[in-house]
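Colleague: Could you take me through one part of this model up close? Pick a single helix and its surroundings, and tell me how it sits in its chain.

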Amino acid sequence: MTQPPTRPEDARRTALSLAALTFGVTSSLAYAAQRVFERLRGGAGDPLLVVFDLHTAFYWRAATAAWWGGVAAILVFALASRPRGGALHDRVARVLGLVVVPLALVIAVTMWRLP
Amino acid sequence: MRAFAWGLCVMVFAASSVRAQEPRNTERSRSVEALNGDSVGAAPPATAGASQDGAALPAASDRDAQSALVREADRAESEARPADALALWQRARAAAPTSRLAGRCERRIAYLAARSEGDFVPLADLLRMRKVPTASLDAAKLAAYARRLDGYPPGPVRREGRELVADAWLARLGDATRARDAYTRWLAEPGLDDAEKRLAASGLARALTQLGDPAAALAAMERAGLGATGDADDLRREGRRRVLRLVAGVLLALFALGGALLGGWRGLRLQALGRAFTPLRVLAAAWVLGGPLLLASRYDHAAFDTFATLAVCGAALLALAALYGAGLAEAPRVRRRAVAVSAFGAALGAGFFVLDHAGFLLSLGL
């Protein structure tokens, strides 16, 4: 069990760390979700097109995913940096830890199957 | 013997050729004489040629006379003199029955003859009303015409008059109540065909929708057998949207008024502004609201207005929520959560209004 941060600077740094972690997870997941959606809507594509095709859609997907990641990070930062939030920090960290491992697995599989 | 047979064949062929050419030569000579101004015997003076199907074409003088009569007939119609117009159309048709204009003459004769009830008085009145420009059409004039219609015999002219009155009340004078009554009277006319019934029912539905009763409008459409049309679907959609607009308005009011009543009004002070709008919050709001605006407008310029409106409304809601939050800093947790939930609902409501205004609801299935 980690000790809740006592100083405001520590609390802020903890909240920022959690927000950064959330940003990384959520933006990756948002990108994968868009690809899954496109795959479901448009069907399987030719893998060769990954090399030959224009990558304009990739930039849009990445930008949208980054925005979603930012929104999730803002929410987590707002929750984690509240006063008397020591216990909350722990809960958020535990939930993220529980979620990150399976999510990373899902993301890895998705990126492998949907280049 | 063979030479004699050949000679006989040649003589028979030559004789038949001469006989076949004889009438043509005669016609040619008549035409030449006609061109020279010599009238010969029973040569047809009005026939200048033949059409592809063999019908005789009218002479130029007859076509000119017909054109003049057609112009006269047009003028008579525009001056609301249908009886004179009918006589002129008939004379025009008789002047050159095989001409290009004869078909038009036939159509106008059929149109006027089918509307001759009341010795053309109702039709003359209808034609006069159709010529009245929108700027000079007032309620008194239209109501007087509607009263005159009651005295006319039933028939196509009275039905068309009912249509004119109903459409004018709705579209030109903007009186949905009188339009509703006029469309109802039109629907009650005897002898309406399917097309007229559809027009009258859809006009009645429009009037009822303007009166704020889409359910009654839909019922009118279904009574006329138009329940499966696109217009009926529009009415159903409009009914759903009216409910959603009400819900969105209630959500916005709940946040604005409920938040203030629960103690958020304490945050509506200048001193609270500094606490509410920290640089980090402004940055977060810029990310949340400006991000979609930037992405969407870069992707499609036409989406800029919608996302800009969303951003402005969202910024206003965020600002109010932040001020309420500052005012409720010392309030019980239940109150703060209630205001937060109402802020969430208000954001949904504002989004609905923006999308409704932009016409994006249809693409969302609403």
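Modeller: What follows is a walk along one helix of chain B and out into the rest of that chain.

Bear in mind that this is a predicted model. The helix I'd pick is H2 of chain B, residues 60–78. Does its length add up? At 1.5 Å a residue, its 19 residues should span 27 Å, and the end C-alpha atoms are indeed 27 Å apart, so the two values agree.

Now for which way H2(B) faces. Its buried residues are B:Gln66, B:Leu69, B:Val70, B:Ala73, B:Ala76 and B:Glu77. Looking down the axis of H2(B), you find these buried residues within an arc of 120 degrees, so they line one face of the helix. That fits the usual geometry: an α-helix has 3.6 residues a turn, so residues three or four places apart point the same way. On the face turned away from the buried side you get the exposed residues B:Ala60, B:Arg71 and B:Ser78.

What covers the buried residues? The cover includes three helices of chain B: H3 (82–95), H4 (102–113) and H5 (121–130).

The backbone has a few things to look at around here. Just after H2(B), B:Ala80 takes a positive phi of about 60 degrees. Most residues other than glycine have a negative phi. Further along, the loop between H4 and H5 of chain B holds B:Asp119 and also B:Phe120. B:Asp119 isn't a glycine, yet its phi is positive, about 55 degrees. B:Phe120 has a positive phi too, near 70 degrees. Their surroundings are another matter: B:Asp119 counts as exposed because it has 10 C-beta neighbours inside 10 Å, whereas B:Phe120 has 20 other C-beta atoms within 10 Å and so is buried.

H5 takes us on to the largest nonpolar core, which has 33 residues. H5 of chain B is one of the elements that give two or more residues to this core, along with H6 (139–151), H7 (156–172), H8 (176–187), H9 (194–210), H10 (214–223) and H11. H7(B) gives the most, with seven residues. The residues with the most contacts inside the core are B:Val165, B:Tyr183, B:Leu204 and B:Met221. Take B:Val165: leaving aside neighbours within four places in sequence, B:Val165 is in contact with B:Leu142, B:Tyr145, B:Ala146, B:Leu149 and B:Ala182. Another core, of 25 residues, lies apart from that one, and B:Phe255, B:Leu293, B:Phe307 and B:Val339 are among its members.

One more stop is H11 (residues 230–261) of chain B, where you'll find B:Arg240. B:Arg240 has 14 other C-beta atoms within 10 Å, so it counts as partly exposed. In sequence B:Arg240 and B:Leu366 are 126 residues apart, but in space their C-alpha atoms are 7.4 Å apart.

Stepping back, chain B comes to 15 helices and two strands, and 27% of its 366 residues count as buried. Of the contacts in chain B with a separation of 6 or more, 60% are between residues 24 or more positions apart.

As for the partner chain, six residues of chain B are in contact with seven residues of chain A. The chain B side of that has five nonpolar, one polar and no charged residues.

Notes:
Residues numbered from 1 in each chain as written. Chains lettered and ligands numbered in written order. Predicted model: local features only at pLDDT ≥ 70, side-chain atom pairs only at ≥ 80, totals over all residues. Helix = DSSP H or I, 4+ residues; strand = E, 2+ residues; numbered from the N terminus. Expected span 1.5 Å × (residues − 1). Buried ≥ 20, exposed ≤ 12 C-beta atoms within 10 Å, placed from the backbone. Arc of directions from axis to C-beta. Contact = placed C-beta atoms within 7 Å. Nonpolar A, V, L, I, M, F, W, Y, C, P; charged D, E, K, R; others polar. Core = buried A, V, L, I, M, F, W, Y, C linked by C-beta atoms within 7 Å.
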